[in-house]
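Please open the model in your viewer and keep the sequence panel beside it, since each stop on this tour begins with a selection.

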Amino acid sequence: MQFTTVVLGASMALMASAIPMHEHKHAHLHHSRNADNFPIRITNNCGSDKTFGLYQITGAFDMLQVSEGRTIPNGETHTLNAPFTGLGLRLSGNGDWPLGDQWKAQGLAEFGYSAYNGMDGTAYNLSFMQGSDESIGISITPDNSECGPKSCTSPATCSLTDAWTNPDQTANGSPADTVCYHGKTGFNVVWCPSS
Ligand SMILES: *[C@@H]1O[C@H](CO)[C@@H](O)[C@H](O)[C@H]1NC(C)=O
């Protein structure tokens, strides 16, 4: 948890210079169905049912639940709509955990709005905090082919450009963080990818 807080704080401070900080402090779920959303197509390849949920860490480090938990059977795909201008969004494969437990170590696909020099788009990364289940990998593939995919079949074997596994990666220029500066684009996310 400390790791997330420190790294997230640094990266949010960077983003804050470019864009207004959207803080969602109210408690209700944000139902996201309009044009200000981008699709995240989630495929569960983990061998058994998994429950997914989208959460958000605000600038004040509150954990918010953005979508209702959705159970996806093994081998199936479900599309979740995420707010395009949302910051600090994290897709969890442990959407059955209570909100307070979302701070625990787990594999996450993270998304956030980013604007720079007249361009905007979605920043994305994979994050596996120390202690994440080593049998659960994740991949993210943007629809826009100019934005590269990221994949890690296990937190134990992620490359620096594919995922955050350690806060020290800021010293290497945070290579796990990528922004797709092509406006709104969708993403395919696979839990337990085969490669
Ligand atoms: C990953 O990206 C999200 C969304 O932009 C961001 O909030 C988060 O801080 C990034 N993770 C790390 C470890 O920097």
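The tour goes from a sheet to a core and then to a loop.

Bear in mind throughout that this is a predicted model. Begin by selecting β5, β1, β12, β9 and β10, which in that order form an open sheet of five strands with mixed pairing. At its edges you will find β5 (77–83) and β10 (150–152), each of which pairs on one side only. If you look across the sheet, neighbouring strands are turned by 20° against each other on average, with direction ignored.

Next, restrict the selection to β9 (residues 138–142) and β12 (residues 187–191), which run antiparallel and are joined by five bridges. Within this pair, isoleucine 138 stands opposite tryptophan 191 in β12.

Keep Ile138 selected and add Leu126 and Val189, because these are the residues with the most contacts inside the largest nonpolar core, a set of 34 residues. Two or more residues come from each of several elements, including β2 (50–57), β7 (107–116) and β8 (119–128), while β12 gives the most, with four residues. Centre the view on valine 189 and, leaving aside neighbours within four places in sequence, you can pick out its contacts with Ile40, Arg41, Ile42, Leu91, Ala109, Ile138, Ser139 and Ile140.

Finally, move to alanine 156, in the loop between β10 and β11 (178–180). Is alanine 156 buried or exposed? Alanine 156 counts as exposed, because it has 12 C-beta neighbours inside 10 Å. Add glutamine 130 to the selection: the two residues are 26 apart in sequence, and their C-alpha atoms are 9.6 Å apart in space.

How values were computed:
Residues are numbered from 1 along each chain as its sequence is written. This is a predicted model: local features need pLDDT of at least 70, side-chain atom pairs count only at pLDDT 80 or more; totals for chains, interfaces and linings use all residues. Two strands pair if DSSP finds at least two bridges between them. Axes are lines fitted to C-alpha atoms, for helices over the stretch in contact, and angles run from 0 to 180 degrees between N-to-C directions. A nonpolar core is a set of buried Ala, Val, Leu, Ile, Met, Phe, Trp, Tyr and Cys residues joined through C-beta atoms within 7 Å. A residue is buried if 20 or more other C-beta atoms lie within 10 Å of its own, exposed if 12 or fewer, and partly exposed in between; C-beta atoms are placed from the backbone. Two residues are in contact if their C-beta atoms, placed from the backbone, lie within 7 Å.
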